[in-house]
Amino acid sequence: MPALKDLETFKSRFEYIGDELQINLNEGVSKDDYPLPDKEPEQPQAPPEEPADEPGGAFDLNFDDLASISPDALETPLVDDNPASGAATDGAGNVGEGASGAEAGLDLDGLDLSGFGETVNDAEPDAAGYSGADGANSDASDQDASGDETGLDLDGLDLGGFGEAGADPLEVTEVSEEEKASLSLNPEQEDAFSNFDLSIPEDGKESSGLPNLDDLDIPGLDETASKDDSKRPPPIAKDPEINEEDLESLLETLDGYPLALRIACEEIITKKEGGAQVSKLIQLLINKGSAKEAADLAGMIQKKQIPLPRNAIKKTGENLASEQSSFSYVFVQKFLPIITLSLIIALLSACVTYLSYQFIYKPLKADSLYKQGYDCIEEGSFEMANQYFSDAFKLRRVKNWFYKYAEKFRDERQYIYAEQKYDELLYWRPRDKKGALDYARMESAHLHNYEKADRIIRQNILDYEPDDLDGLLALGDINLDWADGDPELFFGRYEEARQAYARYITLAGQTPAVMERMLKYFIRTDNLREVTPIQKTFMAAKKTYFSPETLAELGGYLLDKRLEKTDGVPNEYIKEIEGIKDVLIRAVQSDDESRAKEFKKTGEVPPRLPEPHYQLGRYYHFYNAPLEERQTLETAVEAFDSAVAENPKRARARIDAQFLLAENMINSLEWFQAEEALVKGVNIYEDALERRLIKRPYADAGKLYATLGDIEYFIKNLNPENAIRWYSASERNGWAPPELKYRLGALFYQNENYPAALGRFFEVSMEMPYNRRLLNALGSVSYLRNDFFAAQGYYSRLIRLLERDRARFDVIEPDRRKDHAELLERIMRAQNNMGVTLNALSQLSGSPSFRSQALAMFSESARTWDVLSRGESMVRPGIYDPAFPGKSLPYLNIQHTLYPLPGGESILYMNIDKDVLEDSRWEELASKTAASVSG
């Protein structure tokens, strides 16, 4: 059999390809050079025996020794011709039992073949660390030499006489010079192979002296080696100071490292490059150092960076080569990274797209839609605004836009849309505190649906948090306004408000906020005893703690109590009322300060609060300061027009402000401006009734109609129908004092509607039975209705009253005193009309006594007329009868009575007074107006 001719070729079998140590089978040696012997029939294999416990010798075989081995000695067949030679060698190299079959041809138990898959013996080497080829001792091992135990199948290895019975394994055949030359190594090869230890420990375990024999290109070895041995770790040179236990630890550490790091470490240890650093690396591996430390040290030795993958791949070169050619490996290594990268890019793109859509596009688009809808509210397109809101809400839910839409709808008086927005908000967020408070405030202040407002506060705030301070204050305010809207019907709601405020005081104490509300409670329940201490306490402080609304209400209440007229014993605390004007002035100043703060904050001037100016105007009106009253009331009216929130109390104050302003204009004889202010007040009042802001008519609003009727009746005097219409409207709204009924009766009398006139005069007589103007009107209308006896009675009472008034004056001077002239004129008219009535009774009954009494009355009337005609008082209208210029009616009636003519009748003074009041303000204003026009 051919011998191993060239050790250079043997060395070149180790070559690293890629990341794995590969065996090059394509250089120099072919399998034909080393034919395998014929395979012997398999022999029954005895069970393996345990290795000997006693320490055995080991010999070291380097390449210098191999060079001295004779080729003939290496040609010993691997299979012993004697089938009985199955004994394993003893410690002297004799063959002992345990080898079987084809494996009995070579006994390598005495060889130290480090790295061949066997375990290093615990026995320590000699002092030098290696033993020479000639002086090495070997012990026989009873271990079976099969491939499973040693990891090496040497059936095809032809090593001459090794393993034969009785042969000395250390005997070396003489080699010729030519063969030595062919087997000799150059210096580089000697350095590379001088450290291989071929000694075999006596316990039979593998050692790591030489590279794995599975990778050796020895004829017949590749065909006979077991395929399971291909997964052995790469070759590692054994350091002289490393024992078998340390070597096991080193190999185990290398097995756990990533492939690239393992290859680098094996290269360094094999080549022994780096000097002391190699020993440091070996010690690190023995101590099971981390992969990071080993990579840093190996990189320092090789002067390059060794990459460490996240997951260590524990694979040998042969397995890696086979795996690299598989579809799964190609897919994982080539296509999977691309697919993974593509998926990551796609996922990132999807995330960016989704996040951009979710957090950039949707907010911007929704905000744009919200703004478009909000602008539609100002344009009056309420349905379009709701559509924009719905589209925006589907994209993004923004709580603040609910508030803005609801408040805008409320300002536009689109309360149904505002309620819808608040309902949607509370459905989406049932416990939204601000939404519930705003919703309840709108229902209470604008729609006056106090029951619903009370339910909103309880269900959305107090049911979740019974002691919520804002909820308690809101509940008290709602019930306070609820009771104030109709005290007679809802007086019990005052107690609900008091309980809410009392609970607040229990939780938070007597803060200015709750004391302000308690002050309102005492004002509206007319508890002056509690009002005055609170007023003095908070008015004494320099800082204003109360709102302008509360201060205005306080000032108005104190003013009403001061002007109140009581039939019984007056309130004992009225004398403690003081500083009414100071309270109202502070209310106005507080309003101005709050407006200035709001202007600094928003840049817009908010409208004035109307109540402080209105109450201050009332104060000037009752204390006769017309100039201040006019200025203050004009400011109040303007503030009322700009105010957004309305309630029954504010609506009534607004109507009263219009009336007071008109009264001030009437006193200044500004009739057109006064009429305009009154008409505006009527429109406000009727609108409040229509919107149920004011649920029923009330008397003070009727003054507007009555005053318009007075202007038509006293000043214009052009169309009695207009005056009748205004007076009738005043009666329907509850304002029908006796003077108004009289004026309405006088208008009916003027239109010759005597039955209606008599009805109005009779109603007035129930309240003013001794009024001289009324008695004259009743007598005249009774006469014209042919009720002569009733007329006689009214005139008789009138004449007695006038004569009593005349008796109070010692001297009558009609030309100097207007009241004397007026009294004489009334006496003259009453006497004449009484004579006419008696004359009619005389004609009706035929009694001469009535005729005599009639002549007496005519005579007295004529004498009174003569007294009046002597002075300048005769210029007054009504004295002369236009039909008989220069003649008095009493004189003509005397002539008719004494000398009656066919178809003739007595003449009655038909004119009646326009006003029933003895001192008529309107007659005085009319006279001033006539004087100013004539002048």
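Student: Let's start with two helices: does H26 pass H27 in a left-handed or a right-handed crossing?
Tutor: Keep in mind that we're looking at a predicted model. Helix H26 covers residues 626–642 and helix H27 covers residues 648–667, and their axes sit 9 Å apart at an angle of about 140°. The way H26 passes H27 makes the crossing left-handed.

Student: And what do the residues of the contact of H26 with H27 divide into?
Tutor: On the H26 side you'll find, among others, Leu-633, Val-637 and Phe-640, and across from them H27 brings residues including Ala-653, Ala-657 and Leu-661. Charged side chains take part too, including Glu-629 and Arg-630 from H26 and Arg-650 and Arg-654 from H27. The split comes to 9 nonpolar, 2 polar and 6 charged.

Student: Zooming out, how many helices and strands does the protein chain have?
Tutor: Of the 935 residues in the chain, 47% are buried. Among contacts between residues at least 6 apart in sequence, 70% join residues at least 24 apart. As for secondary structure, the chain comes to 38 helices and 4 strands.

Student: Which lysine forms a salt bridge with Glu-252?
Tutor: Glu-252 is exposed at 53% relative accessible area, while its partner is partly exposed at 45%. The closest N and O atoms of the pair are 3.2 Å apart, which is within the 4 Å cut-off and therefore counts as a salt bridge. The partner is Lys-288.

Student: How many residues apart in sequence are the parts that this pair, Glu-252 and Lys-288, ties together?
Tutor: The salt bridge runs from Glu-252 to Lys-288. Glu-252 belongs to helix H8 (residues 244–256), whereas Lys-288 is in the loop between helix H10 (276–286) and helix H11 (291–302), so the parts tied together are separated in sequence by 36 residues.

Student: Is Lys-408 buried or exposed?
Tutor: Lys-408 and Glu-378 meet through their side chains in a salt bridge, 3.2 Å from N to O. Lys-408 is in helix H15 (residues 399–411) and Glu-378 in helix H13 (residues 327–379), so this pair links parts that are 30 residues apart in sequence. Glu-378 is partly exposed at 48%. Lys-408 has a relative accessible area of 14%, and because the cut-off is under 20%, it counts as buried.

Student: Which helix holds both Asp-438 and Arg-441?
Tutor: These two form a salt bridge, with the closest N and O atoms 2.9 Å apart. Asp-438 is buried at 12% relative accessibility, and Arg-441 is partly exposed at 48%. They're 3 residues apart, about one turn of the helix, and the helix (residues 433–445) is H17.

Student: Which residues do salt bridges that share partners join into one network?
Tutor: The count of salt bridges in this model comes to 56. Asp-438 with Arg-441 is one of the pairs we've covered. The residues joined into one network through shared partners are Asp-481, Asp-484, Arg-524, Glu-553 and Lys-649.

Student: How many disulfides does the structure hold?
Tutor: Take two cysteines as examples of the surroundings: Cys-351 is partly exposed at 35% relative accessibility, and Cys-376 is buried at 10%. A disulfide would need a pair of cysteine sulfur atoms within 2.5 Å. The number of disulfides held is 0.

Student: Which tryptophan does Glu-712 touch?
Tutor: Glu-712 sits in helix H29 (residues 699–716). Its relative accessibility is 8%, so Glu-712 counts as buried. Leaving out residues up to four places away in sequence, it touches Glu-675, Asn-717, Leu-718, Asn-719, Asn-722, Ala-723 and Trp-726. The tryptophan in that list is Trp-726.

Student: How far apart in space, C-alpha to C-alpha, are Ile-715 and Thr-929?
Tutor: Ile-715 also has its place in helix H29, and it is partly exposed at 21%. Apart from neighbours within four places in sequence, Ile-715 contacts Trp-671, Asp-710, Trp-922, Ala-926 and Thr-929. Ile-715 and Thr-929 are 214 residues apart along the sequence, yet the C-alpha separation in space is 7.8 Å.

Student: One last pair: what distance separates the C-alpha atoms of Asp-560 and Tyr-619?
Tutor: Asp-560 is in helix H23 (residues 548–563), and at 37% relative accessibility it counts as partly exposed. Along the chain, Asp-560 and Tyr-619 are 59 residues apart, and their C-alpha atoms are separated by 9.7 Å.

Conventions. Residues are numbered from 1 along each chain as its sequence is written. This is a predicted model: local features need pLDDT of at least 70, side-chain atom pairs count only at pLDDT 80 or more; totals for chains, interfaces and linings use all residues. Side-chain values use heavy atoms; hydrogens and water are left out. Buried means under 20% relative accessible area, exposed over 50%, partly exposed in between (1.4 Å probe, protein chains only). Contact means heavy atoms within 4.5 Å. Axes are lines fitted to C-alpha atoms, for helices over the stretch in contact, and angles run from 0 to 180 degrees between N-to-C directions. A crossing is left-handed if the near helix is turned anticlockwise from the far one by less than a right angle, and right-handed if clockwise. Ala, Val, Leu, Ile, Met, Phe, Trp, Tyr, Cys and Pro count as nonpolar, Asp, Glu, Lys and Arg as charged, and the others, Gly among them, as polar.
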